[in-house]
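Please open the model in your viewer, switch to a cartoon view with side chains available on demand, and follow the selections below in order.

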Amino acid sequence: MKTLSTMCGAVAIGVASMAVTSVSVAAYPERPIQLIIPYSPGGAGDVAGRILAKAMTDALKQTVVVENKAGAGTILGAQYVAKASPDGYTLLLSSGTTFTINPAIYPSLPYSPKEDFVPLGVLGRTAMAIVANPKTPYSNLADLVGAAKAKPDSIAYASFGIGTVSHFVAEQFQEAAGIKMMHIPYKGSAPGMTDLIGGQVPVMFDTVVAAMPQVKAGKIKALAVTTAKRSSFLPDVPTLAESGYPGFNVDTWIALFGPKGLPEDVQHTLSQAMEAALKDPATLDQLRAAGVEASFESADSLRKTIAEETPRFAEIAKRANIQAQ
C-alpha cells in the first residue's frame, strides 16, 4: 500500500510537471522570430512583410526580424524555412509562386509545398490587371479580343517573366477568350512597365499595385482586372467577369507559413497574432498604401486556396508548355 507521503509526492511531481509545461507553452515567444521573405528588398512582398513584422512584434511582445533570402523564384527562401527547426522562430512569408506555380513549372523542387510547411494565415491579396499603352486602339477588353482574333499572334503582351503569375494569368485569359497573343517576358515588372509606357509593347499583364500609379498618371490604361470583384484601387475598371468571362477570378496572395512539425499551440499563437495585427487600423492603412487588399484569412482557407490553385496551374503549364528557365 502506498504511504500518504508517497502519494503526496507523486501528486506534487505531477503538479510541478504541469506547471513547467504550462510555463513553457505560455513563454513562447521567448526570443526574436526570424521572418524569411524570399523577395528582394523594396518590392511589394518585402514591403508588406515588413509592415506585418512590425505589427506582429507589437502583438507578440517580441521582435520579428525580417531577413530577405531572394533568388530562384522564391526557392532559396522556401528551402531555408523548410529545413528550419519547427520551434516557431523561423517563418516564411511568401505567395502562390512558392506553393502553386513552382510545382507546375519545375520538374523537381528542394522542398515539398504540401509536406514541408504549415499554413498560418493569409495577409492579403492583390488583383492582376490587363493594361495597355494609351495610344493603342483598345478602349476596352472587347477591342483587344477582337483585334487578337483578327490577327492571331500579332499582338504582343508583356509579362514579368516566364512562369510568373502574370504569365499564367495571360495564358488563362487567352484560353478563355479563344485568342493567341505573342508573349514578351521581362525580368521583372519594372522593365516591362517601362516598355509599355514607351510603346515598345502594347499590352501587359501586371499587378494592380504596379499598374495603379501609372493608370492614375495617364501613362497607361486599364482594360480589366482579373478578380471576381472590382479592385478598390481601380474601382472604375471592370472585371473580366463583367467583360464577358464569367467565373474568371485570379489574384495573387501573400501568406504566412511555418516549417512542418510546428506545435499546434505555436501555430495558434502565431495565427492569433497575425489576425490581431490585421485588425489594427494603422497597419491596414500601411498595407493599403502598399497596394495590398489586406484581410486575414485562416489557415484552413489558405489550404483550400492552395488545393484549388495547384491542379489549375499545373494544367495551364502543361497546355502552354510553361517551364522554368
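Begin by selecting strand E1 (residues 33–37) together with strand E3 (residues 90–95) in this predicted model; the two strands run parallel and are joined by 3 bridges. If you then show side chains on this pair, you will find Leu-35 standing opposite Leu-91 in E3.

Keep E3 selected and add strand E9 (residues 251–259), which is joined to E3 by 4 bridges and runs antiparallel to it. Across this second pairing, Leu-93 stands opposite Leu-256 in E9.

Now hide the partners and look along E3 by itself, where 6 of its 6 residues are buried, so that the strand is described as mostly covered. In a regular strand the side chains alternate between the two faces of the sheet. Colour Thr-90, Leu-92 and Ser-94 as one set, since these point one way from E3, and colour Leu-91, Leu-93 and Ser-95 as another, since these point the other way; the residues of both sets are all buried.

For the last stop, select helix H2 (residues 44–60) and helix H10 (residues 281–289), whose axes come within 10 Å and cross at roughly 175°. Because angles over 145 degrees count as roughly antiparallel, H2 is roughly antiparallel to H10. To see what lies between the two helices, show Ala-48, Ile-51 and Ala-55 in H2, which meet Thr-283, Gln-286 and Leu-287 in H10. The residues of this contact comprise 4 nonpolar and 2 polar ones, with no charged residue taking part.

Notes:
Residues numbered from 1 in each chain as written. Predicted model: local features only at pLDDT ≥ 70, side-chain atom pairs only at ≥ 80, totals over all residues. Heavy atoms only, no water. Axes fitted to C-alpha atoms, helices over the stretch in contact; angles between N-to-C directions. Parallel < 35°, antiparallel > 145°, perpendicular 65-115°, else oblique. Contact = heavy atoms within 4.5 Å. Nonpolar A, V, L, I, M, F, W, Y, C, P; charged D, E, K, R; others polar. Buried < 20%, exposed > 50% of the residue type's maximum accessible area, 1.4 Å probe, protein only. Pairing = 2+ DSSP bridges.
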